[in-house]
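Here is a short briefing to read alongside your viewer. Keep the sequence and the fold side by side, and take the topics in whatever order suits you.

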Amino acid sequence: IMADTKEGQVVVDIDDHSAPAGSQTGEPNDEYFKRITQQQALKELNSNTDGLPSSEIEARVAKYGKNNLPEKKDNKFFKFLQFMWNPLSWAMEIAAIISIALVDYVDFILIICLLFVNAIIGYYEENNAANAIDALMKSLAPEAKVKRDGKFKAIPAEDLVPGDIVLIRLGDVLPADVKILGEKDSEPCLIDQAALTGESLPAKKFPGDVAFSGSIMKQGEVEAVVYATGMDTFFGKAAALIGATNNAGHLQQVMTAIGSICLVTIAVWVAIELGVQFGHYKHPCGGGEGMCNTLSNMLVILVGGIPIAMPTVLSVTLALGAYSLSGKGAIVARMTAVEELAGMDILCSDKTGTLTLNVLSVDASNLDPKSGFSKPDILMYGALSAKIENHEPIDVCIHESYEGKDQLWEHFVCVKYQPFNPVIKRTV
């Protein structure tokens, strides 16, 4: 019979010798919590195997912060101005200043309109994409199964605090850095840490070992105590090292190169113009309409030396591409990514090869009982193996498929439970 252990009970290996806190020894949290015993870890975190009381959570959140990576919020005004901060825009801005000096309002208004149209299109599309991504991330917010006040419940992973007791099952992504709890002779679990450490095979973890946020449970089921959250996790520290990088896209590099070439060309011709007009002809120059032929010639050089409509045409083209992709359910976070996608030769993607309705059900008509068993027996044993308190969709579906589920545990006693093993395809 497949059964569960008594909820809320974990036997902890006790070691009487004491160890100094990581903060006192200068050890990183990972090394410190890996070295100390399970009891010492619980004591260090002021926790126990029944979990934290709900009354302590608010104070711990205030002390440690939320269990997420801090998001950098850009100033929307400065983000808008960034669309007018590139070599081509600089040349157009200089041309606008010269137009004002010559009291040429028509050219000034035309140049300013082109600048703002380009900036507005770029800002509008990227702002919409950012809002869509924020909404998507909120809808996909991960949950964690945490024990508080002696009972398990599902909460948003960002609400975890150090000292929480969490349940980690097959397929779960670890929501924080944890120390695994359990009996000394318990079966080890397998955790895939490839995304963090580059290990090609899942790491075998025994009770007392530590596991990192972002890794995936590949085999087994354990309870663990959270010792680090947010930026204090192994993953958070790694993210902090690369968080400041800001690589420009291919199209941005091309645009910068074109703009730089245009500016150099314009500077050469402006220098020649100034040398000829003031050095050779010694023409006077003053502000106002028709008062300075040199400024008029410089305006011609500036406007003629840059592809003045190119940023606007590119913004409109990329915006149309982003709009077309959005109609197919794609979110374009950066408009220049449209050009990069168009230049891609090969897309490598992993797919399961199945299309589903996203609705779990048990097809009782296809059950194939062996000799001495019936279809209701299969459903009953499946319901016994399911742990519905964890709100795992497959377990809930299997449990609900058995008609006698409400009286099921009146006829059975839980002795020992071994979680599903994907190698032997069995729960014991």
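Which residue in β6 is the bridge partner of Leu190? The partner is Lys204, and the strands around this pair are described below. Please keep in mind that this is a predicted model. As a whole, the protein has 15 helices and nine strands, and 36% of its 428 residues are buried.

**The protein overall**

- The exposed area of the protein is about 25,800 Å², and carbon and sulfur atoms supply 60% of that area.
- Take the contacts between residues at least 6 apart in sequence: 69% of them join residues at least 24 apart.

**Strand β5 and its two partners**

- Strand β5 covers residues 189–192, and its two faces can be told apart by cover.
- Cys189 and Ile191 make up the covered face of β5, whereas Leu190 and Asp192 make up the uncovered one.
- Strand β6, residues 203–205, runs antiparallel to β5 and is joined to β5 by three bridges.
- Leu190, from the uncovered face of β5, has Lys204 as its bridge partner in β6.
- Strand β8, residues 216–219, also runs antiparallel to β5, and three bridges join this pair.
- Asp192, which shares the uncovered face with Leu190, has Ile216 as its bridge partner in β8.

**The six-strand sheet**

- Another place to look is an open sheet of six strands, in the order β2-β1-β3-β9-β4-β7 and with antiparallel pairing.
- Its edge strands are β2 (151–156) and β7 (210–211), each of which pairs on one side only.
- Inside that order, β9 and β4 sit next to each other; five bridges join β4 (residues 177–181) to β9 (residues 222–228).
- If you would like a single pair to click on, Leu181 has Glu223 as its bridge partner in β9.
- The loop between β1 (143–148) and β2 holds Asp149.
- Asp149 has a phi near 60 degrees, which is a positive value in a residue other than glycine.

**Where helix α6 meets helix α10**

- Helix α6 spans residues 87–101 and helix α10 spans residues 250–280; their axes come within 7 Å and cross at roughly 40 degrees.
- That crossing angle makes α6 oblique to α10.
- By class, this contact has eight nonpolar residues, three polar ones and no charged ones.
- On the α6 side, the residues in contact are Pro87, Leu88, Trp90 and Ala91.
- On the α10 side, they are Met255, Thr256, Gly259, Ser260, Cys262, Leu263 and Ile266.

**Glu273, elsewhere in helix α10**

- Is Glu273 buried or exposed? Glu273 counts as buried because its relative accessibility is 12%, and the cut-off for buried is under 20%.
- Glu273 belongs to helix α10.
- Leaving aside residues up to four places away in sequence, Glu273 touches Thr294, Asn297, Met298 and Ile301.

**The loop between α3 and α4**

- Asn46 lies in the loop between α3 (38–44) and α4 (54–64); Ser47 and Asn48 are in that loop too.
- Asn46 has a phi near 55 degrees, a positive value in a residue other than glycine.
- Asn46 counts as exposed, because its relative accessibility is 57% and exposed means over 50%.
- Ser47, in contrast, is buried, with a relative accessible area of 12%.
- Asn48 is partly exposed, with a relative accessible area of 37%.
- Ser47 touches Leu42, Leu52, Gly163 and Ile165, not counting residues up to four places away in sequence.
- With the same kind of neighbours left out, up to four places away in sequence, Asn48 touches Leu42 and Ile165.
- How far apart in space are Asn48 and Ile165, C-alpha to C-alpha? They are 8.1 Å apart, with their positions 117 residues apart in sequence.
- The C-alpha atoms of Ser47 and Val225 are separated by 8.4 Å, while the two residues are 178 residues apart along the chain.

Conventions
Residues numbered from 1 in each chain as written. Predicted model: local features only at pLDDT ≥ 70, side-chain atom pairs only at ≥ 80, totals over all residues. Heavy atoms only, no water. Buried < 20%, exposed > 50% of the residue type's maximum accessible area, 1.4 Å probe, protein only. Helix = DSSP H or I, 4+ residues; strand = E, 2+ residues; numbered from the N terminus. Pairing = 2+ DSSP bridges. Axes fitted to C-alpha atoms, helices over the stretch in contact; angles between N-to-C directions. Parallel < 35°, antiparallel > 145°, perpendicular 65-115°, else oblique. Contact = heavy atoms within 4.5 Å. Nonpolar A, V, L, I, M, F, W, Y, C, P; charged D, E, K, R; others polar. Areas by Shrake-Rupley, 256 points an atom, 1.4 Å probe, with all protein chains shown as cover.
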